[in-house]
Each structure stands twice: as structure tokens, then as C-alpha cells.
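Reader: Hi! Could you take me on a close look at one spot in this protein, and then follow the connections outward from there? I work at the bench, so plain language suits me best.

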Amino acid sequence: MRVLCKSLGGGDLLTVEIANGNLPSTKFHLTVGREYKVYGLLFTRAVLKYLIEDDTGLGPGWFPASLFTVACDRVSRYWRLSNWSTSERYFVVISFPEITASSLAFENLFNRDREARNVFRKREQLADLEFPDPSIKEVARLLEGDWLQCPFCADAWQSKNGNALVRCPACQKISNDPRYDVE
């Protein structure tokens, strides 16, 4: 899933978002007009939030959905759902299993636990290859069978992943998989 930033916050925040912890003066570290990959959804206190990496590079965080419009609505096959709601509030998380496994796992990631962040990064790399990315123009060359050739370094490797994108094992650059069938 990808979203397009339409606001930095502030006066554009919804009343319910302000009532649930955001200040009317809050400005998020985002870039209006930039697309962000979504790594999870959080429903809590009548607010939907997206798990994205903001412009700080400090790691993933939850951002009010009202700051974005949906650019690509396809969700990751790696996502799982956990419902930690109580009689007092809703708390539903849809994300990677390493986040939804328990409330402790969820908290560890957002408390900047090193191991939790490393696990997140590995899953993030897998999810980033699932769907087409309009910013990636190069296409790997299809060789015989399930072999692909990198358009950057000409290395060839065997690939059966079925994702829209492939990462060259030699140079680590990402290109489009020519076998991917856009629905």
C-alpha cells in the first residue's frame, strides 16, 4: 500500500485526531506530494493511522490517515491482524507478524528496540518488492527458464518469487520483474 501526503498536519488535522493526542499545531516530518509506503494500519479511538517511515529516517511511526490520500490500495501478503481492544477502547493493528504478535512486540518497535527494528527492516525489504513502484523504471531481462539478468550489472540469478520487483543479489539494485502480471 502507498499513500500520497497531502498535508503536514496543523490545522488540517481532524477534530477526532486532535482530541486523541495530536496538537492543532503539530507539523509532521513529511513532504507534501511525496508517496510513502504503508507498513501497517492502526485503528484506535476512532482514528485510523498509517505506519510509515517519515522524512527523519529514525524508523517507522504512526501518522494520521487524514494527512494522506491512498495512491495504491494493495495490501501486503505479509500483514496479519491483532485486536487488543478492551471495553474502553478499540485497538486493532494490521501489520507484519513481528508487530502483531503481541502488545510487547508492538511496543518494542516503537520504543526503538534494536532487535525489533532489525526484524522490521527485514520484513520491510520483502514487502517493498511485492508491488510495482512507479519510480522504478528498469526491467530485469528474462533469460531461459526462471533466470533473470540485472539491467545494472548484468549479473544473472534464478528467481521464482512472483513479486513485481526483484533485487539483484550482486549489486542489490531493484528492477521490475518482466514476468509480473499487473492486474
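Author: Gln172 is partly exposed, because its relative accessibility is 43%, which falls between the 20% limit for buried and the 50% limit for exposed. Keep in mind that you are looking at a predicted model. Gln172 sits in the loop between strand 12 (165-167) and strand 13 (174-176). Its backbone has a feature worth a look: phi is near 70 degrees, which is a positive value in a residue other than glycine.

Follow the chain from that loop into strand 13 and you come to Asn176. Here the surroundings change: Asn176 has 16% relative accessibility, so it counts as buried, since the limit is 20%. A polar atom of the Asn176 side chain lies 3.0 Å from the backbone oxygen of Ile136. Ile136 also appears among the residues that Asn176 contacts, once neighbours within four places in sequence are left aside. That list runs on through Lys137, Glu138, Val139 and Ala140, and it includes Ala164, Leu165 and Val166 as well.

A small sheet is found in this part of the chain too. Strands 9, 10 and 11 form an open, antiparallel sheet in the order 9-10-11. Strand 9 (141-142) and strand 11 (156-158) are at the edges with a single partner strand each, so each has one side without a neighbour in the sheet. Strand 10 (residues 147-149) is joined to strand 11 by three bridges, with the two running antiparallel. If you want a pair to click on, Trp147 has Gln158 in strand 11 as its bridge partner.

Now for a second residue with a positive phi. Arg45 is not a glycine either, and its phi is near 50 degrees. Arg45 is in the loop between strand 3 and strand 4 (47-53). With a relative accessible area of 45%, Arg45 is partly exposed. Strands 3 and 4 make a hairpin with two residues between them, and the positive phi of Arg45 belongs to that hairpin.

From Arg45 you can step back into strand 3. Four of its five residues are buried, so strand 3 is largely enclosed by the rest of the structure. It pairs with strand 4 in the antiparallel sense over four bridges, and Leu42 stands opposite Lys49 in strand 4. Strand 3 also pairs with strand 8, again antiparallel, over five bridges. There, Leu41 has Ile94 as its bridge partner in strand 8.

The aromatic rings add another set of links. The whole structure holds twelve aromatic pairs. One of them joins Tyr39 and Phe96: their ring centres are 6.1 Å apart and their planes meet at 50 degrees, a tilted arrangement. Tyr39 is in the loop between strand 2 (35-37) and strand 3 (40-44), while Phe96 is in the loop between strand 8 (91-95) and helix 2 (97-100), so the pair ties together parts 57 residues apart in sequence. Tyr39 and Phe96 are both buried.

Trp62 and Phe106 make another pair: their centres are 6.0 Å apart and the planes are at 25 degrees, so this one is stacked, as planes under 30 degrees apart count that way. This pair also links distant parts of the chain, with Trp62 in strand 5 (residues 60-64), Phe106 in helix 3 (residues 103-110) and their positions 44 residues apart. Trp62 is buried at a relative accessible area of 16%, and Phe106 is buried at 10%. Ring pairs extend this into a cluster of Trp62, Trp84, Phe91, Phe106 and Phe110.

To finish, go to the start of the chain. Arg2, in strand 1 (residues 2-5), is buried with a relative accessible area of 13%. Its side chain reaches the backbone oxygen of Pro132 at 2.9 Å. Among the residues Arg2 touches, not counting those up to four places away in sequence, are Glu35, Tyr36, Lys37, Val70, Asp133 and Pro134.

Lys37 comes up once more when you search for enclosed space. One cavity of 30 Å³ or more is counted, and the largest cavity has a volume of about 150 Å³. It is lined by 15 residues, of which Met1, Lys37, Ala127, Asp128 and Phe131 are the closest to its centre.

How values were computed: Residues are numbered from 1 along each chain as its sequence is written. This is a predicted model: local features need pLDDT of at least 70, side-chain atom pairs count only at pLDDT 80 or more; totals for chains, interfaces and linings use all residues. Side-chain values use heavy atoms; hydrogens and water are left out. Rings of Phe, Tyr and Trp (its six-membered ring) pair if their centres lie within 6.5 Å; planes under 30 degrees apart count as stacked, over 60 as edge-to-face and the rest as tilted. Buried means under 20% relative accessible area, exposed over 50%, partly exposed in between (1.4 Å probe, protein chains only). A polar contact is a pair of N or O atoms within 3.5 Å; within protein, one must be able to donate a hydrogen and the other to accept it, and residues adjacent in sequence count only if both atoms are side-chain atoms. Contact means heavy atoms within 4.5 Å. Two strands pair if DSSP finds at least two bridges between them. On a 1 Å grid over the protein atoms alone, a cavity is a set of points where a 1.4 Å probe fits but cannot get out, and a pocket is an open set with protein on both sides within 12 Å along at least five of seven lines; lining residues have an atom within 4 Å of a point. Grid points are joined across faces, edges and corners, and a volume is the space filled by probe spheres set on the points.
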